[in-house]
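User: I'm new to reading protein structures and would like a close look at one part of this one. Could you pick out the aromatic pairs and walk me through what surrounds them?

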Amino acid sequence: MHTRVTELLGIRVPVIQGAMARIADGKLAGSVSAAGGLGIVACGGAPLSWIEEQVRIAREIAGEAPIGANVMLMDPQAAEVAELLAELRIDVVTTGAGSPANFMAAWKEAGVKVVPVVASSALAQRMERLGADAVVAEGCEAGGHIGELATMALVPSVCDAVNIPVIAAGGIADGRGMAAAFALGAEGVQVGTRFLTVEECCIADAYKQRVLKAKDSDTVVTGRGSGHPVRGLKNKWARAMRKLEASSDTPAEQLEGMYAGSLRRAVEGDVDGGSMMAGQSAALVHARKTAACAIADLMADAQVRGGLDLQQLADANAERAGRAACALEGRE
Ligand code: TUI
């Protein structure tokens, strides 16, 4: 398939693997890139030496195919991570949970493609003005840290607001979601939750089982009160968290203490005491398979079960963006 996203990123299929902190390592990212998508090493909360090693592993698995890395902007060491990724000449950087304005110039200088994750059209426009190559418009169906808007409303708004390619994220785990995203104007999709259960994903089997068993109402958002809402699977930890958050006399330190180590515990298999981040699309994930199989299924399903011609939609989306750019410059 050819879309502005495949061309920009040098990939064969317009599927980007969502960055998942403590989960998306070099093995997962390399496997996704080797299968024709774009694998992303999640750098959030990781030591610089780990990041360097995982990028090396991803490159080894991906061969000539590009790979990306994600900078979590709430991470206290985001600046150091940003610098390291420029030094490593990573092909693509995605960012999350903030504005990457301070790092854009250095990345562009190093030849890194910059694809910020945005949760509003206002931020998408700011990113376009600063030179972003594309944006990921992530709706609140997604797992992990989320914004306010749902994918169905966010993606077309962002498509109307910018001329750079838009990659849709949040709630997309199969071909129906991908076809819908293209119908909304996207030229690529970012998929996280579907990759939680693939063979190459390092999380404990117990976490994978919970994703496979999840129904549509099995995710919940914690942290709304603190301004850092996070979606994950309902479990003991999430229920306790919600209870503490609902009571007005819970000290902020106690809530922070609940988060400490919660991701690591989940990844290691503590499905009661850990924070199992996952999106609403967990209800659509029924298979393990390999990353390559998941991508092949997604693409085949998008064409067939979506009942739409994805290539035609992608071409129409690019053409519309081109027309809008001409009109803005008064060339129409
Ligand atoms: O970043 C994500 N998802 C994440 S980061 C993460 S790591 C974490 N660990 C423990 C606790 C909390 C987080 C887990 N999941 N997605 C991208 C994303 N970015 N979603 C929403 C946003 C966003 C929201 C507001 C981006 C920018 C923004 O506003 C910035 C501004 O300046 O307007």
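Analyst: Sure, let's start with two rings: phenylalanine 103 and tryptophan 107 are both buried. Keep in mind that this is a predicted model.

These two residues sit four apart in helix H5, so about one helical turn separates them. Their ring centres are 5.7 Å apart and the planes meet at 50°; planes from 30 to 60 degrees apart count as tilted, so that is what we call this pair.

Where does helix H5 fit in? The chain runs from S4 through helix H5 (residues 101-109) to S5, making a β-α-β crossover that is right-handed. Strands S4 and S5 (residues 113-118) run parallel and are joined by four bridges. As one example of who faces whom, valine 93 stands opposite valine 114 in S5.

Now look at S4 itself, residues 92-96. Five of its five residues are buried. Val92, Thr94 and Gly96 lie on one side, Val93 and Thr95 on the other, and both faces are covered. S4 also has a parallel partner in S3 (residues 68-72), with five bridges between them. Valine 71, for instance, has threonine 95 in S4 as its bridge partner. Getting from S3 to S4 takes the chain through helix H4 (residues 78-87), and this β-α-β crossover is right-handed too.

Back to the rings. The count of aromatic pairs comes to two, so here is the other one. Tryptophan 237 and tyrosine 259 have ring centres 5.6 Å apart and planes at 65°, so this pair is edge-to-face. It links distant parts of the chain: tryptophan 237 belongs to helix H10 and tyrosine 259 to helix H11 (residues 252-259), 22 residues apart. Tryptophan 237 has a relative accessible area of 7%, so it is buried. Tyrosine 259, at 27%, counts as partly exposed.

Tryptophan 237 also helps line the largest cavity, along with residues including Val220, Arg231, Leu233 and Met276. That cavity holds about 60 Å³ of space. Who builds its wall? Strand S10 (219-222), strand S11 (230-233) and helix H10 (236-246) each supply at least two residues of the lining, and S11 gives the largest share, with four. Sorted by class, the lining has seven nonpolar, four polar and one charged residues.

How values were computed
Residues numbered from 1 in each chain as written. Predicted model: local features only at pLDDT ≥ 70, side-chain atom pairs only at ≥ 80, totals over all residues. Heavy atoms only, no water. Buried < 20%, exposed > 50% of the residue type's maximum accessible area, 1.4 Å probe, protein only. Pairing = 2+ DSSP bridges. Right-handed = clockwise from strand over helix to strand, strands pointing away. 1 Å grid on protein atoms, 1.4 Å probe; cavity = no way out; pocket = protein on both sides within 12 Å on 5 of 7 lines; lining within 4 Å. Points joined across faces, edges and corners; volume = space filled by probe spheres on them. Nonpolar A, V, L, I, M, F, W, Y, C, P; charged D, E, K, R; others polar. Phe/Tyr/Trp six-rings, centres within 6.5 Å; stacked < 30°, edge-to-face > 60°.
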